[in-house]
Amino acid sequence: SKPSSVLAFDLGASSGRAIVGRLDSEAGQVTIEEIHRFPNDPVKVGDHLHWDILRLFHELKQGILQTKQLGYTDIESLAIDSWAVDFGLLSKNGELLGNPYHYRDHQTDHAMEKVFAKVGREKLYAKTGLQFLQFNSIFQLAAIKERNPELLERAETLLMIPDLLRYFLTGEKHSEFTNATTTQLLNATTKAWDAELLEQLDLPAGLLLNPVPSGTRVGALTADICADLDVASIPVIAVGEHDTASAVVAVPALDDHFAFLSCGTWSLLGTETKEPVLTEQALAWNFTNEGGVYGTNRLLKNIMGLWLIQECKRTWDKEGKNLSFAALVKLAEQAKPFQSFIDPDDDMFLNPQHMPKQIQQYCRDTQQVVPQSEGEIARCILESLAFKYRFVLEWTEQLTGVTYPGLHIVGGGIQNELLCQFTASATGREVWAGPVEGSALGNLVVQWIALGYIANLREARKLIRNSFPVKTYIPEDAAGWQAAYATFCQVASRSRMK
Ligand code: ADP
Ligand code: LRH
C-alpha cells in the first residue's frame, strides 16, 4: 500500500511550524518534512500583551498552500496543536471579540488569591487536579471579568487557541479534551466542566463547549478556504491539541513507566499515569494532572525552561549583540562552572522587563557571585535548569513510587546538547534525547490512529522509536554535580523554591 501523508501544525510560544508526515506502514517507518516555519512574536498594545492570532491563521493557510506547492496533493488530514491555557471569545454571530491575551500578560498578577477567596484552594485542586499557575484560563477569565466585564457579557463561546484556529479553518466550533483540561475549569474526575465552579465564578453557562475526545474528526476545510488556496478539501482532526499532550505521545518509550521532559519555551517534566494523583502531597508540591490522549493522565510540573535563555537572547539582540542559541551555548560552555544558581521558577522570571538584569538581581539577593558576561549568565541558567530537573524528577518518583532509570527529552531544547549533558550529570541518570519535533510527531501519529493506520498509542511510540534517532547522554563528574546540587538547594530555599 502507498504511504499515507498527513499535515501537522505545531504552534509553540516561540515559533510555529507546518510538518508533513509520511507513514510507510509496511516498512514501519515515519518520515517528516518541515514545510513552513514562522515566528510567533507576541504583540504589546498599551498595557496588554496579545497573540497575533490573525497572523497565525495566515501562516496556517501559507502552510497549506506550500504543502500543495511542494507536490503533496494526497494529504489525508490535518491537525493543530498549540500552547495551552489561552483562548478567544466569540460573539453570538461567531465573530472573534478582541485579540486573545498572552498568558504572560500581567492582568493575572493578583488573580489567584481572589479566586481562592471564592472557591478555596484545596477545593479547586481536589476538583481539577491542576497546578496553580497564575495564567490558567480560570484566572484569566476572573481577571477579565473584573477588568473588562463587557467582553465577557458579549461572549457566547470560548474557544482555546487550537479550537479557534480550527474553527477559522472549518467553520465548526468544538472544544478538544486535552487542552480543555488546562483551563482549570474541567473536573478531573468527571471529565466534564465543573458546573459549581462556573457558577461560583459567575461565568455564563454555555460559554464552554463539551469537549470531544482527542482523535475525533471535527470537520474539513471550508469551501471558501479551498477556493482561496485552490486545494481540495482536507478533513480536520482534533488531536491532543495541547502541545504538551502531543509531545508526550511522541516519547519513544517502550515501557509503561517512564519519565519525560518536554523541552521548549517551557520545560514540562513528569510521567504518564492511569489516574490523576490528587493527594495532599501533589497539592503541596503543586503538581499538575493534565488530560492525555486515550485516557492517559499527565502528572508533571511546569519548569520555566528555555524562556530564560530566549529572553536573555531577545535583550541582547536589542543591544545589537546578535548571538545565536548555538553561540550562547558555546559561551556557556566556556564559562566557569557552579558559580551561581537561580530557582528558574521564581515569579520574578515569569515576564520581567530585562531578563539578564533579573538574573543578576536574584544572585545578588541570595548573596552569590553575580554573573556578568553572556556566557556566565547562560551557564547559570543551564546549570540551574538541570538541577531543577533533578529536583522535580525526584518529586515525581516520590509521588508515583516508581524509580526511573533515565529521562526521555523531546522538543527543540534537545538541540542544546550542553543542557542535555548537564541534565544527565545533575540527575545522575542517562538522558535519552529525541525526537526534536516531539509535539508535531505526536500530532501526526494521533491523526494516523484516527484514520485507522496505527492501532494504538503503544504502536505509535514503537513506530517513532524505529523512525528517529535517540541520543544517549551519560552522567559525568558525579561528585562535582552532587556537591553543587546541595548549594543549589540551599540558594533556592532562600527564595522559597517553587
Ligand atoms: P516552542 O515549541 O516552545 O516554541 P521549541 O521546542 O521550538 O520551543 O524550542 C525552542 C528552543 O530550543 C529555543 O528557545 C532554544 O533555546 C532551543 N534551541 C533551538 N535551536 C537551538 C540550537 N541550535 N542550539 C541550542 N539551542 C537551540
Ligand atoms: C507548552 C505549554 C505548557 C503550558 C504553557 C502555557 O508550550 O503548552 O504545557 O503550561 O505552554
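**Exercise 1. Identify which helices each supply at least two residues of the shell around ligand 1, and describe that shell.**

Solution. In this predicted model, helix H12 (307–318) and helix H13 (325–334) each contribute at least two residues to the shell around ligand 1. The next step is to rank the contributions: H13 gives the most, with three residues. The shell is then examined residue by residue. Of the 17 residues around ligand 1, the nearest are Gly-12, Ser-14, Gly-264, Thr-265 and Gly-412. Finally, the shell is sorted by class, which yields six nonpolar, eleven polar and no charged residues.

**Exercise 2. Determine which residues of H13 are buried, and explain how they are placed around the axis.**

Solution. Begin with the buried set of H13, namely Leu-328, Val-329 and Ala-332. These residues cover an arc of only 100 degrees around the axis, and therefore lie on the same side of H13. The general geometry is relevant here: an α-helix has 3.6 residues a turn, so residues three or four places apart point the same way. Turning to the other side of H13, one finds Ala-326 and Gln-334 exposed. The last step is to find the packing partners: the buried residues of H13 pack against H12, H15 and helix H16 (417–427).

**Exercise 3. Describe the shell around ligand 2 by its nearest residues and by class.**

Solution. There are 14 residues around ligand 2, of which Trp-83, Ala-84, Asp-243, Thr-244 and Trp-266 come nearest. Sorting the shell by class gives seven nonpolar, six polar and one charged residues.

**Exercise 4. Characterise the largest nonpolar core and the contacts of Val-249.**

Solution. The largest nonpolar core comprises 141 residues, and those with the most contacts inside it are Val-249, Ile-381, Tyr-389, Ile-409 and Val-445. Helix H15 (residues 374–400) gives the most to this core, with twelve residues. In soluble globular proteins, nonpolar side chains tend to be buried together. For Val-249, leaving aside residues up to four places away in sequence, the contacts are Gly-240, Val-293, Gly-442, Val-445, Val-446, Leu-457 and Ala-460.

**Exercise 5. State which residues UniProt lists for the N-terminal and C-terminal FGGY domain annotations, and give the helix and strand content of each span.**

Solution. In an unreviewed entry, UniProt lists residues 6–249 as "domain: Carbohydrate kinase FGGY N-terminal". Residues 6–249 are 35% helix and 26% strand, with the end C-alpha atoms 17 Å apart. The annotation "domain: Carbohydrate kinase FGGY C-terminal", also from an unreviewed UniProt entry, covers residues 260–450. Residues 260–450 are 47% helix and 16% strand, and their end C-alpha atoms lie 24 Å apart.

Terms used:
Residues are numbered from 1 along each chain as its sequence is written. Chains are lettered from A and ligands numbered from 1 in the order in which they are written. This is a predicted model: local features need pLDDT of at least 70, side-chain atom pairs count only at pLDDT 80 or more; totals for chains, interfaces and linings use all residues. A residue is near a molecule or strand if its C-beta atom, placed from the backbone, lies within 6 Å of it. Helices (H or I, at least four residues) and strands (E, at least two) are DSSP runs, numbered from the N terminus. Ala, Val, Leu, Ile, Met, Phe, Trp, Tyr, Cys and Pro count as nonpolar, Asp, Glu, Lys and Arg as charged, and the others, Gly among them, as polar. A nonpolar core is a set of buried Ala, Val, Leu, Ile, Met, Phe, Trp, Tyr and Cys residues joined through C-beta atoms within 7 Å. A residue is buried if 20 or more other C-beta atoms lie within 10 Å of its own, exposed if 12 or fewer, and partly exposed in between; C-beta atoms are placed from the backbone. Two residues are in contact if their C-beta atoms, placed from the backbone, lie within 7 Å. The arc is that of the directions from the helix axis to the C-beta atoms. UniProt positions are given in the numbering used here, feature names are shortened, and annotations may be inferred rather than shown by experiment.
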